[in-house]
Amino acid sequence: MKRDGYWKRYDRKYKKFSIKKLYYFILAKARKLGKPFERKSKRGRPLAISPYDYVAIFILSSLLDLSLRDDEFLSDLLAGKHIDHSTFGKAFAKIPYRYLKKLLIMIRNAINSYVGTDSILIVDSTWVKVDRVYYETITKCHRGKRRVRDKLNILAEYYRDEGIIAVADADSKYSSDAFGALLMLDEIKAKGKILLGDGGYDAEALYKKCYKKGIIPIIKIRDYDRKPRKYRNKAMRAFNEKLYKKYRGIIEGIFGGLECRRLLFTRYKKKEMRMKHIIAMAIVHNLQTYMAILFFILIYSTTSNYNRIL
């Protein structure tokens, strides 16, 4: 059941924004971040459009679930000239993974500047389907094949007063939940003092990292036969089941929103491109959140309190 006024705010959001405005917003952020790549040599043909334009089109392609052929079809509208799909593919491959991570954090910082500081950190992961890529299996002496799946790890910030959830950082390189969370905590300056996570994040190294950063880990403890180590034992005493049940599931709203847009899916075959596309999915969520805040249309909010933002 949707809350009162949901569809009115949802409709107003799309009336106020446009694909062109979003394109120029991403373009401005990319220019501020710097060139994603340079031409290898002055010889040969120049780039069809600037590297910043390629970044903006790559993010919009992720938002709208466009193929490279779709990008070619829409290139006259977006770039002002016809660009072959292979040109897009080669340019997208040049965009560094770290560049997209920085762009994600930059948009998160923009969201952060509009909302309060009372946030809760929530970490979780989900699988991303890969189209027509399989690996061989052997089960009971019978050969078979299974679809390849990649992982999207997310460190989210939930602002309780505004009811807004933003992606603080994301990772698509590592399948280990705990190791991915460790890296993400190192990459950002988190204001939240509580970290919520399920049993997949029950790791001594993560507990140690949290306490060194002044963060209390509220992580579901798994059953172990052996005696818990120093930081895990400390986390066991700090675990608050009521707080865990109240806020832990909020991060599923990010995955649900991406799933509804058919974005937990990638058609890229190469591993490197799939990782970049997965980070673009996280950027898409932050763009949607930023658009909502910018026009004071909190479609992700569970409250109608706009005073903090206004």
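Ser-119 is buried, with a relative accessible area of 7%, where buried means under 20% relative accessible area, exposed over 50% and partly exposed in between, with a 1.4 Å probe and protein chains only. The model is predicted, so local features need pLDDT of at least 70 and side-chain atom pairs count only at pLDDT 80 or more, while totals for chains, interfaces and linings use all residues. Residues are numbered from 1 along each chain as its sequence is written, and side-chain values use heavy atoms, with hydrogens and water left out.

Ser-119 belongs to strand E1; helices (H or I, at least four residues) and strands (E, at least two) are DSSP runs, numbered from the N terminus. Its C-alpha atom is separated by 5.9 Å from that of Glu-157, although the two residues are 38 residues apart along the chain. Leaving out residues up to four places away in sequence, Ser-119 touches Glu-157, Tyr-158, Tyr-159, Lys-191, Gly-192 and Lys-193, contact being defined as heavy atoms within 4.5 Å.

Strand E1 (residues 119-139) also holds Asp-131, which is buried with a relative accessible area of 18%. The side chain of Asp-131 makes a polar contact with the side chain of Arg-132 at 3.1 Å; such a contact is a pair of N or O atoms within 3.5 Å, of which, within protein, one must be able to donate a hydrogen and the other to accept it, and residues adjacent in sequence count only if both atoms are side-chain atoms. Beyond its neighbours within four places in sequence, Asp-131 is in contact with Arg-147, Phe-265, Thr-266, Arg-267 and Lys-269.

Strand E1 appears again around helix H7 (residues 177-187), whose buried residues are Asp-177, Ala-178, Gly-180, Ala-181, Leu-182, Met-184 and Leu-185. The cover over these buried residues includes E1, strand E2 (142-159), strand E3 (164-171), strand E4 (194-197) and H8. At the start of H7, a side-chain oxygen of Ser-176 comes to within 3.3 Å of the backbone nitrogen of Phe-179.

The aromatic rings give another route through the model. Rings of Phe, Tyr and Trp (its six-membered ring) pair if their centres lie within 6.5 Å, and planes under 30 degrees apart count as stacked, over 60 as edge-to-face and the rest as tilted. By this rule there are 12 aromatic pairs. One of them joins Phe-58 and Tyr-268 in a tilted arrangement, 6.5 Å centre to centre with 50 degrees between the planes. Because Phe-58 lies in helix H3 (residues 51-64) and Tyr-268 in the loop between strand E6 (265-266) and helix H12 (271-294), the pair ties together parts that are 210 residues apart in sequence. Phe-58 counts as buried at 1% relative accessibility, and Tyr-268 counts as buried at 16%. The rings of Tyr-211 and Tyr-231 have centres 6.3 Å apart and planes at 25 degrees, so this pair is stacked. Phe-37, Tyr-54, Phe-58, Phe-88, Phe-92 and Tyr-268 form one aromatic cluster.

Phe-92 leads on to the packing of two helices, since Phe-92, Ala-93 and Lys-94 in H5 meet Glu-272, Met-273 and Lys-276 in H12. Helix H5 (residues 85-94) and H12 pack at an angle of about 75 degrees with their axes 10 Å apart, the axes being lines fitted to C-alpha atoms, for helices over the stretch in contact, with angles running from 0 to 180 degrees between N-to-C directions. H5 and H12 are therefore roughly perpendicular to each other, as angles under 35 degrees count as roughly parallel, over 145 as roughly antiparallel, 65 to 115 as roughly perpendicular and the rest as oblique.
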